[in-house]
Every structure is written in structure tokens, then in C-alpha cells.
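Student: I've got this one open in my viewer and would like a close look at a single part of it. Could you walk me through one strand and its surroundings?

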Amino acid sequence: MRHELAIGRLRVDSAEEAARSEQAILAEIERLLARFLATGEPGAIDLRHESRRRAGADPARLIERLGSGEVTATIGGFGRVEVVETTYAGVWLLSYFDAAGELETRQIEIGAVPSLIAAQRDDARRGLLRLRAELATEPEIRPTADRPTTTRLEGADA
Amino acid sequence: MTLSPTIDRAAIAPTGFDAEPGSVGERLAGLGVSRRGFLRFCTTLASSLALEAGMGPQLAHALTTARPSIVYMSFQECTGCLESLVNSYGVTIETLILQAFSIDYLETLQAAAGARAEAAREAAMAANAGKYVLVVDGSIPKNANSGFFVSAGESAVERLKHAADRAAFVVAVGTCAAYGGLAHARPNPTGAVAVSDILPNKTVINVPGCPPIAEVVTGVLAYWLAKKTLPALDSLKRPTLYYGHTVHSECYREETFEDGPRTKSFGDARARAGHCLFDLGCKGPVTHNACSTLRWNQGTSFPIQSGHGCIGCAEPDFWDMGGLYARLPPGSFDD
């Protein structure tokens, strides 16, 4: 209930107001997408913030309008984030939930990949270190004449 | 982080990220929060504070680096502003943002007292000259020799000027600090004025309200923390981010303001059904604040939602507006 109060307005003034708000947000998405194509600069729109500042703004209606495209992803840990590429490539919908599963906010991100999904170099380097450390502690498996390499690797995995 | 033959277990843990010692980020990383988890948190934090979309990564960076200093000083006040800020509800975004700062002086809560407390404040101001944030609540008796408000042998005017001299900027928290507030109400026996009246040449941000919404106070600090600049201010030095609209214009009861029927008595069927409280003296049409959008207690509710009209506490001279339950006269507001 709390997130409904915080995110959605308690009323939708009229269909006309809702349509006007939706149009304004779509125009902003269009501007950010054009800018991304021209300059590579990503953009973001906080739908919670838009609900606050635009009379009649209805996130559910906008989300339905944008639709779901080819890509979906879920990011876990410390709550979760559901990521959906809309039917407009490069326009992503990110829904943020807290650890109790309550919706906290929704954002539209414009770009090739949402920044939250992209792996950071420091994290990749951390992964490399961990993989090397694990490999260093595992016994080396030497090929033998009577068993093919692929079979030996499968055995090591098990 | 460098690749080394010596294995550092912390450096190769599946979660965690680099953050400076003592920062909020370091604490969260120590709890096993991943970089994505931290970024997710900062994005929702920015959203909760009504900061612009895309500020999550900037906030994340700010929360993983060194903590700026805050000197918090109280003058003619009731401590309600500080209560609102730090004691609203357990561990929240407000307390988290405050932990992103080093609060070097806050006489209401600090353990030190007397000369030791004053020495700590002087040391913090000297060590962070030009960089610390001065947060002030309470009004200031304009006449330094009036005898009203003397602390550590100094008048309020002397203390405020001294503390503001080397501050990066000043945040006037609450209606008393922003406009004089209750002490400034007629007949204003102490000659109380706003902080900005004493510091005409200093950058002062007013965060009015009696008390102000906790998220608004911390939102202003978070904005500066993340963007290293101050939010846009209106002619009364209030951040338009939070004070750009009236409580009325964003109120869910507003739709019955013109067409009616309005509520005629407290707690009646119309009041419970969400009809407009204007006839009961609601000051929402002339009050600029974020109560009807951010709401209070983690977005749970606000006075109008509880059936009581806005009393206009975030506006100058609200105590002298003519009675909390008096209807606003026609022509006194735009709709």
C-alpha cells in the first residue's frame, strides 16, 4: 500500500490530463533517444518523480504504451531490479523493488544497455583475480593417451 | 586493485566495491553489498529524495568518498526541526545521508559540552575552512546587545557570523531560521529575524517548515553532495525542487475545490471521502512545500490526508496569517 501512496497519485484527474502527461513524457523520451543517437549520451526519467510533478500522470498507462521488447533481466541482491527493454530499442524500463518486494520506483533509461547491467572494469578485474586464485588451488590435469581431453575436463567439473 | 601473487581475500570476494575508509560505501561493501546493489540503493535513494533521474551514480560516488564536514548550530528554536530530521523513524535514508557527512558540531546530540564542545567546533571550522556546511535552526535576535540568546559568552549574531564566515554555504533549516518563525510573530519581543537577514552576503538556502520534511533537508544536502553545486532557488531562497508548487496544486483533494462539494466540518463524510478542506481554513493555496507529494513518515500521509487543513507553516509570517482555521480571503492566492 505504501508504494501506491508514494508513487502513484491518489487520483487521475481526467483522461485528458492523463493523456497530456503521457504525451509529455513520451516527448521527453523521444528527445533523450535522439540525443543518445546523436551524441551517445544516455538519459533517464524517474517515473515516480514524473507522477509527482505532472497532474494525472499514470505510470501504468505509460508502461503499457511502451510495451515489452526482446530483452528482460532481473538483478538481485539488496532488493531486486526488473529490467525490460520496451518495444522501442534503446528505451528501457527499470522497476526497483526493496528487500520486502515493495515497489520503490520506476525509471526509464535511454541507452545501449542500462548502466546497472553493464559490468564495471573493477568488478571484472575482481572476477579475474578470483578465477586465477581458484585455478591456482586446483590440481593440474594432464592429458593421457587413453582418455580424450574433453572427457577429462568434464570429470574435473563434476 | 592490482594483480598480485599474494591473494587478498577481500579483493577477490564475489561482492563488494572500492570505497574510501569511513564512507557509507565502505560500510555497505563490508556488509557484502555488491556494486550493483549499492547503485540500486543509490538510485532509489535519489528517487525518494525527489532528485533528478540519473543522479544515482553521482550519489554513489559521493557516498564512497570522503565525508564533508557539517557544523550544526541552534538558536531560538524548539528542537522540533532536529527531531524531524533524526528521530522520525529508525534507520532511514535521512540518517544514511547524515552519515555521509562528518557532523563535527551539534550541541543537542554531541557528548562533549562546554569549552570542549566549543573547541571541537573551532577545530572543525579551521580544518575545513571554506568547505564545511553550516546548518542552522532557530531565529536570531537582531540586536546583539539585547541580552536574548547568549551562548558561550557570545550573542546569537556574533556566533552566527563567526560560524558562517568560513562556511561553504549555510542551510537555514525550519521556518524560524528561514523567516524568523514563531519568535518573529507579533509582537516579536526578541527582535527575531531570519538567518539570511544577518548574513546578506552569504549563500543561504532556506528549508522552511515547522518542522521541515526530513527528506527535504537531506535532499538538499544529498544534491550538493552528489552534484557539488546547489539546487535552483526561488526568490525566498528555497529550492524549487521542493518548494516550486503549492501544497494545494499537488493535493489530491484539489479536484473538489472549484466544483465542490467542499468539506464543511472536520471528520464529516466529505472529509473522509477526500473533499477539499479550504472552507475549514486550509492554507494549501498559499503554501509552497512538498507535503502533498513527498508526504511524511516515509510517504505515509500528510496533515490534509488526515483531515486537517494545511496551516501554512512553510511560509513567512504564517503565525500572523489570521488564524489557523480562518478561510483565506478571496484574491489572496492564484488557482
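Let's take strand S1 of chain B: which strand does S1(B) pair with over 4 bridges, and in which sense?

Tutor: Keep in mind that this is a predicted model. The partner you're asking about is strand S2 of chain B, residues 102–106, and the pairing with S1(B) is parallel. To find the register in your viewer, go to Val71(B): its bridge partner in S2(B) is Tyr105(B).

S1(B) also pairs with strand S3 of chain B, residues 133–137. Here there are 5 bridges, and the two strands again run parallel. For a handle on that pairing, look at Ser74(B), which stands opposite Asp137(B) in S3(B).

Now for the strand itself. S1(B) covers residues 69–74, and 6 of its 6 residues are buried. The side chains split by direction: Ser69(B), Val71(B) and Met73(B) point one way, while Ile70(B), Tyr72(B) and Ser74(B) point the other way. Both sets are buried, so there's no exposed face to pick out, given that exposed would take over 50% relative accessible area.

Let's zoom in on Ser69(B), which sits in S1(B). Its relative accessible area is 4%, and because buried means under 20%, this serine counts as buried. Its side chain makes a polar contact of 2.5 Å with the side chain of Asp104(B). Leaving out residues up to four places away in sequence, Ser69(B) touches Ser102(B), Asp104(B), Ala124(B), Asn128(B), Tyr132(B) and Val133(B). If you match that list to the strands, Ser102(B) and Asp104(B) fall within the 102–106 range of S2(B), and Val133(B) falls within the 133–137 range of S3(B).

For another covered element in the chain, try helix H3 of chain B, residues 35–48. There, 13 of the 14 residues are buried. The geometry checks out too: at 1.5 Å a residue, H3(B) should span 20 Å, and its end C-alpha atoms are 20 Å apart, which agrees. After H3(B) comes Ala50(B), with a positive phi near 60 degrees.

And if you'd like a contrast in strand sense, hop over to chain A. An open sheet of 5 strands there has the order S1-S5-S4-S3-S2, with antiparallel pairing. Its edge strands are S1(A), 43–46, and S2(A), 72–75, each pairing on one side only. From one strand to the next, the twist averages 20 degrees. Within that sheet, 7 bridges join S4(A) to S5(A), and Val91(A) stands opposite Ile110(A) in S5(A).

How values were computed:
Residues are numbered from 1 along each chain as its sequence is written. Chains are lettered from A and ligands numbered from 1 in the order in which they are written. This is a predicted model: local features need pLDDT of at least 70, side-chain atom pairs count only at pLDDT 80 or more; totals for chains, interfaces and linings use all residues. Side-chain values use heavy atoms; hydrogens and water are left out. Buried means under 20% relative accessible area, exposed over 50%, partly exposed in between (1.4 Å probe, protein chains only). Two strands pair if DSSP finds at least two bridges between them. The expected span of a helix is 1.5 Å times one less than its number of residues. A polar contact is a pair of N or O atoms within 3.5 Å; within protein, one must be able to donate a hydrogen and the other to accept it, and residues adjacent in sequence count only if both atoms are side-chain atoms. Contact means heavy atoms within 4.5 Å. Axes are lines fitted to C-alpha atoms, for helices over the stretch in contact, and angles run from 0 to 180 degrees between N-to-C directions.
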